[in-house]
Amino acid sequence: MALAIMCSGGDAPGMNAAVKKFVDYAFDKKETPYLIYDGLEGLIDGKIKKADYKDVAGILHRGGSVIRSSRSKRFYEYDYRKQAYENLKKFNIDGLVVLGGDGSFRAMDRFSEDFPVNFVGIPTTIDNDIYGTEYCLGVDTALNTIRDALDKIYDTASTFNRAFVVEVMGRDCGYLAAISAISSGAEICIIPEVDFYLPTIENKLVREVENGRRYVLAIVAEGTKMTAKVAEWLEKKLGMDTRVTILGHIQRGGVPTTFDRMMGFEFAVHAVEHLCRTKESNKVVVWNKGEFGLIDIDTVVNNKNQVNPHHLAMLNVLD
Ligand code: F6P
């Protein structure tokens with residue numbers, strides 16, 4: 001079989017591990033692996049290359065993706081999707097592995113409604129916001145990047161008697177913020193999924209400051225758009241010198257953790273296995289309770305991911 005892989009949407013650490021395993025595993029199975037460069041944009045433009053071992057040598061430890069990625073506006077148009085399909089046909093590609101997030105899976109769902117494409121998705125986004133899987137590739141590395149930044153911010157906050165508001169990514173999902181707040185012991189965590197009530201937080205913090213608290217760490221999910229407001233509020237209500245740090249795109253980069261490399265391998269193996277086993281197409285590899293499985297793309301794109309109630313319960317900083 002001719003099998004191709006591409007990365008789509010926001011990059012995430014571990015993509016290279018998945019791409020490498022895809023190529024190596026396809027060779028082991030005597031299939032022919034192809035690489036699609038520049039995501040959906042590259043698929044439209046026919047940037048497709050038969051893979052060689054050399055293409056994926058020495059890439060495991062690198063963040064980002066050596067086959068690069070893109071968000072494609074053109075792919076919303078039928079004529080470009082047709083062009084993309086014709087490129088797949090030109091190389092006789094029987095199966096396509098797509099590393100991407102929600103938006104990419106929606107695009108693939110649409111693509112598969114128009115044309116008989118056979119694809120398997122690997123949930124890949126630091127946001128961890130894809131329905132049906134507890135884990136998306138890249139999340140562990142992003143959480144560790146955030147933890148590292150927060151540990152450093154604690155150093156300066158506690159030395160300088162300051163409040164810090166740290167904005168983390170996640171689009172509309174509060175997962176990164178919630179887990180980071182729990183694991184870093186932040187005093188405040190503001191996420192889109194929970195209605196927060198500043199006066200309640202204020203009562204608690206004012207009491208703590210009276211009892212000797214000298215610094216405050218607030219984690220704010222970007223999706224709330226509350227970063228500036230929380231900083232202003234902290235300064236006003238607690239009278240603490242307050243600084244804002246927006247972590248931004250550093251959360252997307254960096255050397256993938258061991259966990260993300262292993263997950264990249266496993267996701268890729270399951271994707272290739274599925275494509276080789278059956279023509280039953282358009283699935284997403286998911287990971288739940290320590291086991292891999294596959295679910296229909298329709299189920300993934302037509303349902304909304306929810307934050308785990310167990311994690312919300314651990315966010316006692318919201319009490
Ligand atoms: O989906 C990954 C992500 O990093 C989000 O957390 C963030 O909101 C978005 O992508 C940023 O997108 P861009 O790189 O296009 O600015």
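Does Asp114 count as buried, partly exposed or exposed, and at what relative accessibility? In this predicted model, Asp114 counts as partly exposed, at 24% relative accessibility.

**Salt bridges**

The count of salt bridges comes to 21. One of them joins the side chains of Arg81 and Asp114, with an N to O distance of 2.6 Å. Arg81 belongs to helix α3 (residues 78-90) and Asp114 to helix α4 (residues 102-114), so this pair ties together parts that lie 33 residues apart in sequence. The two partners fall into separate accessibility classes: Arg81 is buried at 2% relative accessibility, whereas Asp114 is partly exposed at 24%. Arg81 is assigned to the buried class because its 2% lies under the 20% cut-off for relative accessible area.

A second pair consists of Lys29 and Glu273, whose closest N and O atoms are 3.0 Å apart. This salt bridge links distant parts of the chain, with the two positions 244 residues apart in numbering. Lys29 sits in the loop between α1 (15-28) and β2 (32-36), while Glu273 is part of helix α9 (residues 258-277). Lys29 is partly exposed, with a relative accessible area of 29%, and Glu273 is likewise partly exposed, at 22%.

Glu208 and Arg213 form a further salt bridge through their side chains, at 2.7 Å from N to O. Glu208 is partly exposed at 24% relative accessibility, and Arg213 is partly exposed at 23%. Elsewhere, Asp38, Lys47 and Arg68 are joined into one network by salt bridges that share partners.

The three pairs described individually are listed below.

| Salt bridge | N to O distance |
|---|---|
| Arg81 and Asp114 | 2.6 Å |
| Glu208 and Arg213 | 2.7 Å |
| Lys29 and Glu273 | 3.0 Å |

**Helix α5**

Helix α5 covers residues 139-160, a run of 22 residues. At 1.5 Å a residue the helix should span 32 Å, and the 31 Å between its end C-alpha atoms agrees with this expectation. Just after α5, Asn161 adopts a positive phi of about 55°.

Which residues of α5 are buried? They are Val139, Thr141, Ala142, Leu143, Ile146, Ala149, Leu150, Ile153, Tyr154 and Ala157. These buried residues pack against the strands β6 (163-168), β8 (216-221) and β9 (242-246), and also against the helices α6 (175-184) and α9. Helix α9 thus appears in both parts of this report: α9 is one of the packing partners of the buried residues of α5, and α9 also carries Glu273, the salt-bridge partner of Lys29.

Technical notes:
Residues are numbered from 1 along each chain as its sequence is written. This is a predicted model: local features need pLDDT of at least 70, side-chain atom pairs count only at pLDDT 80 or more; totals for chains, interfaces and linings use all residues. Side-chain values use heavy atoms; hydrogens and water are left out. A salt bridge is a side-chain nitrogen of Lys or Arg within 4 Å of a carboxyl oxygen of Asp or Glu. Helices (H or I, at least four residues) and strands (E, at least two) are DSSP runs, numbered from the N terminus. Buried means under 20% relative accessible area, exposed over 50%, partly exposed in between (1.4 Å probe, protein chains only). The expected span of a helix is 1.5 Å times one less than its number of residues. Contact means heavy atoms within 4.5 Å.
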